[in-house]
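Trainee: Before I rely on the labels attached to this structure, I would like to go through them one at a time and hear the reasoning behind each.

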Amino acid sequence: MDRFLLVYRGAPDGSTQSVQHDLRRWDGWFDSLGDRILDRGSLSHASVDIDTRLAGPKASSSSLSGYSVLAASDFNEAVALAQQCPIFDEHGSLEIAHLAS
């Protein structure tokens, strides 16, 4: 099995309002993944950007909402496992990255 990083994105309009996550739905989804979920990670409510070492942090223009790590045989399986993720019900999206071994 390979490892995949799921990066959750919310507030698609780019607003800085904090996202309200329904933790019961997230817990249910994580539980449904069984041993495929390697790290539940964490949900976040705000982030900052640091463009260079010399510039200080500023409110992020991305909509980073959290991350998790799961096990899957390939990208297709990772996408299939992610289909029921609660982020979609929160008007968000996710990005999947294949992690190096």
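Mentor: Let us begin with the network of salt bridges that links Asp-27, Asp-31 and Arg-40, bearing in mind throughout that the model is predicted.

Trainee: What makes the pair Asp-31 and Arg-40 a salt bridge?

Mentor: The side chains of Asp-31 and Arg-40 come to 2.7 Å, N to O, and because the cut-off is 4 Å between a side-chain nitrogen of Lys or Arg and a carboxyl oxygen of Asp or Glu, the pair qualifies as a salt bridge. The structure holds six salt bridges.

Trainee: Why is Asp-31 called exposed, and what is Arg-40 called?

Mentor: Asp-31 has a relative accessibility of 54%, and exposed means over 50%, so Asp-31 counts as exposed. Arg-40 has a relative accessible area of 34%, which falls between the limits of 20% and 50%, and Arg-40 is therefore partly exposed.

Trainee: How do you know that Asp-22 and Arg-24 form a salt bridge?

Mentor: The closest N and O atoms of Asp-22 and Arg-24 are 3.9 Å apart, and because the limit is 4 Å, the pair is counted as a salt bridge. As for their surroundings, Asp-22 is partly exposed at 30% relative accessibility, whereas Arg-24 is exposed at 72%.

Trainee: What does the salt bridge between Arg-25 and Asp-89 tie together?

Mentor: The side chains of Arg-25 and Asp-89 meet at 2.3 Å, N to O. Arg-25 belongs to helix H1 (residues 23-33) and Asp-89 to the loop between H2 and strand E6 (93-98), so the salt bridge ties together parts that are 64 residues apart in sequence. Both partners are partly exposed, Arg-25 with a relative accessibility of 42% and Asp-89 with a relative accessible area of 47%.

Trainee: Why are the buried residues of H1 said to line one face of the helix?

Mentor: The buried residues of H1 are Trp-26, Trp-29, Phe-30 and Leu-33. Seen down the axis of H1, these buried residues fall within an arc of 100 degrees, and so they line one face of the helix. An α-helix has 3.6 residues a turn, so residues three or four places apart point the same way. The face of H1 turned away from the buried side carries the exposed residues Arg-24, Asp-31 and Ser-32. Just after H1, Gly-34 takes a positive phi of about 55 degrees.

Trainee: What covers the buried residues of H1?

Mentor: The cover includes E1, strand E2 (37-43), E5 and H2. Trp-29 gives an example, since, leaving aside neighbours within four places in sequence, Trp-29 is in contact with Leu-6, Tyr-8, Leu-81, Ala-82, Gln-84, Cys-85 and Pro-86.

Trainee: Which residues have the most contacts inside the largest nonpolar core, and which elements supply residues to this core?

Mentor: The largest nonpolar core has 17 residues, and those with the most contacts inside it are Leu-6, Tyr-8, Trp-29 and Leu-94. Strand E1 (2-9), H1, strand E5 (64-72), H2 and E6 each supply at least two residues of this core, and H1 gives the most, with four residues. In soluble globular proteins, nonpolar side chains tend to be buried together.

Trainee: Why is Ala-72 called buried?

Mentor: Ala-72, which is found in strand E5, has 0% relative accessibility, and buried means under 20%, so Ala-72 counts as buried. Leaving aside neighbours within four places in sequence, Ala-72 is in contact with Met-1, Asp-2, Phe-4, Arg-36, Glu-77, Ala-78 and Leu-81. Of these, Arg-36 is 36 residues from Ala-72 in sequence, with 6.9 Å between the two C-alpha atoms.

Trainee: Where does pLDDT stay under 50, and which elements have the lowest and the highest mean pLDDT?

Mentor: Residues 12-16 stay under 50, and for them the model has two contacts beyond four places in sequence. Among the elements, strand E4 (residues 58-59) has the lowest mean pLDDT, 62, and helix H2 (residues 75-82) the highest, 96. The protein averages a pLDDT of 83, and 75% of the residues score at least 70. Where pLDDT is low, the predicted coordinates should not be read in detail.

Note on methods: Residues are numbered from 1 along each chain as its sequence is written. This is a predicted model: local features need pLDDT of at least 70, side-chain atom pairs count only at pLDDT 80 or more; totals for chains, interfaces and linings use all residues. Side-chain values use heavy atoms; hydrogens and water are left out. pLDDT is the predictor's confidence in each residue, from 0 to 100. Contact means heavy atoms within 4.5 Å. Buried means under 20% relative accessible area, exposed over 50%, partly exposed in between (1.4 Å probe, protein chains only). A nonpolar core is a set of buried Ala, Val, Leu, Ile, Met, Phe, Trp, Tyr and Cys residues joined through side-chain atoms within 4.5 Å. The arc is that of the directions from the helix axis to the C-beta atoms.
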